[in-house]
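User: Please take a close look at one part of this model, and describe in a connected way how that part is put together. I would like the cut-offs behind each term stated as you go.

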Amino acid sequence: MPKWWNNFPLWRTLYNGSNKMANISITKGTRKNGVSYTARVRQKQSGIITFSKSKTFNTKSAANKWAKETAHKVENNTKDEPYSYIDISLGELIQNYIKAKDGSDKPLGRTARYSLNQLCRYPIAKVIASRLNSNDIVDFCLERRKKTASQTISIDVSCLRKVLRVAKSMFHVAADDSAVINAYPALHDLKLIDKSNKRDRRVSADEYSALLREFQKMSYHHCNEIPYTDMFMMSLLTCCRIGELCELKWKDLNVEQRHILVRNRKSPSGSQNNNSILPLLGKSLSIILRQPKFEERIFPYNPRSVTAGFRRARKRLGIVDLRYHDLRREGASRLIEAGMSVEETSRITGHKDLNILWNVYVSITPEHIQRRFEKLRMLT
């Protein structure tokens with residue numbers, strides 16, 4: 001039985017009945033041929049909507065009659081059979097999905113959680129999930145484009161599609177991902193979504209030396225607690241993201257085998273709990289062993305503080321267009337240049353898709369190709 005079953009009593013309610021009272025609301029509205037009355041019946045259990053259905057009528061009496069009959073069936077489940085798919089807002093569906101993932105063995109990653117919470121802040125969240133159409137998706141992306149890049153919107157749309165795809169099977173909600181699929185042609189035509197720009201920024205030898213000297217100066221400052229030099233070297237040697245590096249734990253370190261368990265590595269699906277064994281190459285083990293044991297984490301620092309210090313050092317040195325995450329590419333590229341295969345390098349970087357590793361994270365310099373050519377020519 002999945003963990004999210006207990007968090008979402010929907011299925012138990014639908015199939016086993018419930019003594020909880022259903023809530024009835026009648027809303028008066030207008031349409032082209034006159035006044036309309038929309039009846040909605042909802043039932044909650046433990047603060048979670050377990051049933052929601054609405055219907056529009058020409059008269060208030062008809063709306064009342066339908067609402068009372070539906071509420072009676074909901075409260076007593078007289079036929080002892082599952083109800084039809086329910087209607088809830090997209091925002092409620094997203095929040096239910098987040099709670100379900102949190103109660104599962106595959107909780108959401110930081111990026112996916114952020115994207116879904118962003119969706120809930122826009123008018124699209126108020127749209128009934130079963131009535132969501134491609135125009136709603138396009139309108140959301142147009143509004144979102146005012147504040148963020150098309151690459152980020154692509155992530156938002158992808159996360160939304162995942163929620164809609166499991167709406168029926170997980171939450172008995174009358175929705176699917178057809179609205180997103182139908183919106184794709186317009187989103188591409190308007191350039192509202194796009195793939196992430198490929199970066200090939202490498203750290204030059206001069207930049208590498210200058211950064212090491214600058215980090216050494218920073219370590220002498222009386223207010224500094226972060227070992228920038230060690231973390232800079234570890235980022236290159238392990239190819240870890242800064243968030244992963246700051247979460248490494250002493251209990252996961254195996255000194256004899258020279259490896260460490262990296263927990264919750266980022267996944268393309270947005271899930272966490274993707275653990276992998278990381279071989280500690282070069283001086284990485286000695287760097288770890290010289291860290292003081294203040295707490296369970298080896299590098300107990302805020303990732304944002306580390307990257308902020310890196311930006312300050314880079315700015316003082318006049319280094320342009322170098323991000324901390326570029327160190328991951330630099331480390332992977334160095335492994336390839338040292339003679340490692342892509343498969344071997346993926347064990348370090350944690351990539352399951354070798355195409356992503358090769359196309360996105362590896363950038364071989366022309367100088368390296370020239371050196372390899374000269375070496376091969378000498379052997380022939």
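Analyst: A good place to begin is Asn254, whose bridge partner in β5 is His259. The model is a predicted one, in which local features need pLDDT of at least 70 and side-chain atom pairs count only at pLDDT 80 or more, while totals for chains, interfaces and linings use all residues. Residues are numbered from 1 along each chain as its sequence is written, and side-chain values use heavy atoms, with hydrogens and water left out.

Between β4 and β5, the latter covering residues 259-262, there are two bridges, and these two strands run antiparallel. Strands here are DSSP runs of E with at least two residues, numbered from the N terminus, and two of them are said to pair if DSSP finds at least two bridges between them. On the other pairing, β5 meets β6 over four bridges, again in the antiparallel sense. Taken together, the three strands make an open, antiparallel sheet whose order is β4-β5-β6. Because β4 (253-254) and β6 (276-279) each have a single partner strand, they stand at the edges, and one side of each is left without a neighbour in the sheet.

Within β5, the residue that repays attention is Val262, which stands opposite Ser276 in β6. Val262 has a relative accessibility of 1% and therefore counts as buried, a term that means under 20% relative accessible area, with exposed meaning over 50% and partly exposed lying in between (1.4 Å probe, protein chains only).

Which residues does Val262 touch, once those up to four places away in sequence are not counted? They are Cys240, Glu244, Leu248, Asn274, Asn275, Ser276 and Leu278, where contact means heavy atoms within 4.5 Å. Ser276, the residue opposite Val262 in β6, is thus also one of the residues that Val262 touches. A further spatial relation links Val262 to Asp252: the two are ten residues apart in sequence, and their C-alpha atoms are 7.9 Å apart in space.

The side chains along β6 complete the picture, for they alternate between two faces. Ser276 and Leu278 point to one face and are buried, whereas Ile277 and Pro279 point to the other face and are not buried. Both Ser276 and Leu278 also appear among the residues touched by Val262.
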